[in-house]
Amino acid sequence: MRKPNYPIFISILVLLSILITGCNQQSKINISEALTKTEKEISNLDKVESTVSAFGGKNVKFRILMEEPPTKEDAIKLFNKTLDTISNFTNDSEIWNYYNAKLDISYGDEIKYEANKLADADLKVKAK
């Protein structure tokens, strides 16, 4: 009868535990706090009336309400500033490698621009 090889079994369990905890990096990020701080910072920018954000699972939503409609170039800059600000407040420069973001800019009752940032992909902006 063959004896079990406990040292190999224990080594495999330890290795798997290290891998699992190392890959679960996003749980250390306080995304809600980062969104609240980002809302305040973006709201203080010129021509921004207010902001609102939400978070669920791996998806961030962020809306910017403007005092006047921006150009597409200004919208792209504002979307990138928003993503960078969220990243800075999470203290994680790689946050957009595992979170998605849906952003939009509205003026009055209309959404003027939408942006999607899928995890580990480039920002895509479109006019509405």
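Helices and strands in this tour are DSSP runs, numbered from the N terminus. The model on display is a predicted one.

**The whole chain**

Begin with the entire chain selected and a cartoon representation. Three helices and five strands are present, and reading along the sequence gives the pattern α-α-β-β-α-β-β-β. Of the 128 residues in the chain, 30% are buried. The accessible surface comes to about 8700 Å², and carbon and sulfur atoms contribute 52% of that area. Among contacts with a separation of 6 or more, 47% are between residues 24 or more positions apart.

**The sheet**

Next, select the five strands together. They form an open sheet in the order E1-E2-E3-E4-E5, with mixed pairing. E1 and strand E5 (123-127) each have a single partner strand, so these two stand at the edges and one side of each lacks a neighbour in the sheet. From one strand to the next, the twist averages 15°.

**E1, E2 and the loop between them**

Now restrict the selection to residues 48-56, strand E1, and residues 59-66, strand E2; these two strands run antiparallel and are joined by eight bridges. To see a pair of facing residues, choose serine 50, which stands opposite leucine 65 in E2.

Move from there to glycine 57, in the loop that links E1 and E2. The hairpin has two residues between its strands, and glycine 57 adopts a positive phi near 65°. Is glycine 57 buried or exposed? Its relative accessible area is 61%, and the cut-off for exposed is over 50%, so glycine 57 is exposed. Add tyrosine 99 to the selection: although glycine 57 and tyrosine 99 are 42 residues apart along the chain, their C-alpha atoms are separated by 8.6 Å.

**From E2 to E3**

Keep E2 and add residues 100-107, strand E3. Here the pairing is in the parallel sense and extends over eight bridges. One residue pair to display is methionine 66 with its bridge partner in E3, tyrosine 107.

**Helices against the sheet**

Bring helix H2 into view. H2 packs on the sheet and touches E1 and E2, and its direction makes about 170° with that of E1. Then add helix H3, which lies across E1, E2, E3, strand E4 (110-117) and E5 and runs at about 135° to E3.

**H2 against H3**

Two packed helices are described by the angle between their axes and the distance between the axes. Select residues 31-43 for H2 and residues 72-90 for H3: the helices pack at an angle of about 135°, and their axes are 8 Å apart. H2 is therefore oblique to H3. The crossing in which H2 passes H3 is right-handed.

Which residues of H2 and H3 meet? On the H2 side, show Ile31, Ala34, Leu35, Lys37, Thr38, Glu41 and Ile42. Their counterparts in H3 are Leu78, Lys81, Thr82, Thr85, Ile86, Phe89 and Thr90.

**A last stop in H3**

Finish at isoleucine 76, a residue of helix H3. Isoleucine 76 has a relative accessible area of 32%, and is therefore partly exposed. Select lysine 124 as well: the two residues are 48 apart along the chain, and the C-alpha atoms of isoleucine 76 and lysine 124 are separated by 9.1 Å.

Key: Residues are numbered from 1 along each chain as its sequence is written. This is a predicted model: local features need pLDDT of at least 70, side-chain atom pairs count only at pLDDT 80 or more; totals for chains, interfaces and linings use all residues. Side-chain values use heavy atoms; hydrogens and water are left out. Helices (H or I, at least four residues) and strands (E, at least two) are DSSP runs, numbered from the N terminus. Buried means under 20% relative accessible area, exposed over 50%, partly exposed in between (1.4 Å probe, protein chains only). Contact means heavy atoms within 4.5 Å. Accessible areas come from the Shrake-Rupley method with a 1.4 Å probe; for residues, only the protein chains shown count as cover. Two strands pair if DSSP finds at least two bridges between them. Axes are lines fitted to C-alpha atoms, for helices over the stretch in contact, and angles run from 0 to 180 degrees between N-to-C directions. Angles under 35 degrees count as roughly parallel, over 145 as roughly antiparallel, 65 to 115 as roughly perpendicular and the rest as oblique. A crossing is left-handed if the near helix is turned anticlockwise from the far one by less than a right angle, and right-handed if clockwise.
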